[in-house]
Amino acid sequence: MTMNFAVQSVRFATILGMVALALIAAMTARRMADVQAPSALVFGLTSALFATGAVWSYLRGPLALVRAASSMIPFYIIAYAFVLSQKDIAPEWANARLYEALAFEGIVIWAALLAGGIFMLRGGTLSFNTRK
């Protein structure tokens, strides 16, 4: 297995994973729209973020993925902190646990995408240097 094959495999899996997450979030948003509109909106925005990230990564390569993930991780950390701070203020907030889980999940997913993007950048550099 060459480094180029590994980099291309990770790139394909990353983009495919982001598209799959976007589709799952979109289907969830559609199902929740009539029952719980605020939660449906959160899932819809999540779907749009992953779809945009997948397209951007496909068109612009690993550096775009690293930049997108680097900007999304702080956003999800702030969202997680906000949801945690609201627990004491509004304990009756029905979806606080859902939003907390989604924010934490977003941190983990974007961190994994960041790691994949860094691997692709580093692996691409290594495979380029070994061709000499």
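Ser47 is buried, with a relative accessible area of 10%. Buried means under 20% relative accessible area, exposed means over 50%, and partly exposed lies in between (1.4 Å probe, protein chains only). Ser47 sits in helix α2. Leaving out residues up to four places away in sequence, Ser47 touches Ala22, Ala25 and Ala26. Contact here means heavy atoms within 4.5 Å.

This is a predicted model, in which local features need pLDDT of at least 70, side-chain atom pairs count only at pLDDT 80 or more, and totals for chains, interfaces and linings use all residues. Residues are numbered from 1 along each chain as its sequence is written, and side-chain values use heavy atoms, without hydrogens and water.

**Confidence**

pLDDT is the predictor's confidence in each residue, from 0 to 100. The chain averages a pLDDT of 84, and 87% of the residues score at least 70. Among the elements, helix α1 (residues 3–32) has the highest mean pLDDT, 88. Helix α4 (residues 96–129) has the lowest, 82. Over residues 128–132, pLDDT stays under 50. For that stretch the model has one contact beyond four places in sequence.

**Overall layout**

The chain has four helices and zero strands. Its pattern along the sequence is α-α-α-α. Helices (H or I, at least four residues) and strands (E, at least two) are DSSP runs, numbered from the N terminus. Of the 132 residues, 35% count as buried. Take the contacts with a separation of 6 or more: residues 24 or more positions apart account for 75% of them. The accessible surface comes to about 8300 Å², and carbon and sulfur atoms hold 70% of it. Such areas come from the Shrake-Rupley method with a 1.4 Å probe; for residues, only the protein chains shown count as cover.

**Two helices in numbers**

The expected span of a helix is 1.5 Å times one less than its number of residues.

| Helix | Residues in helix | Expected span | Distance between end C-alpha atoms |
|---|---|---|---|
| α1 | 30 residues | 44 Å | 43 Å |
| α2 | 24 residues | 34 Å | 34 Å |

For α1, the expected span and the end-to-end distance agree. They agree for α2 as well.

The buried residues of α1 include Thr14, Ile15, Met18, Ala22, Ala25 and Ala29. An α-helix has 3.6 residues a turn, so residues three or four places apart point the same way. In α2, the buried residues include Phe43, Thr46, Ser47, Phe50 and Ala54. Gly61 follows α2, and its phi is positive, near 90°.

**The cores**

A nonpolar core is a set of buried Ala, Val, Leu, Ile, Met, Phe, Trp, Tyr and Cys residues joined through side-chain atoms within 4.5 Å. The largest one has 19 residues. Which of them touch the most other members? They are Met18, Phe50, Leu65, Tyr76, Trp110, Leu113 and Leu114. Helices α1, α2 (37–60), α3 (62–89) and α4 each supply at least two residues of this core. α3 gives the most, with seven residues.

Tyr76 is in contact with Thr46, Leu49, Leu102, Ala103, Gly106, Ile107 and Trp110, leaving aside neighbours within four places in sequence. A second, separate core has six residues, among them Ala29, Val83, Tyr99 and Leu102.

**A partly exposed residue**

Is Ile77 buried or partly exposed? Ile77 is partly exposed, with a relative accessible area of 44%. This residue lies in helix α3. Ile77 and Ile107 are 30 residues apart in sequence, yet their C-alpha atoms are 6.6 Å apart in space.
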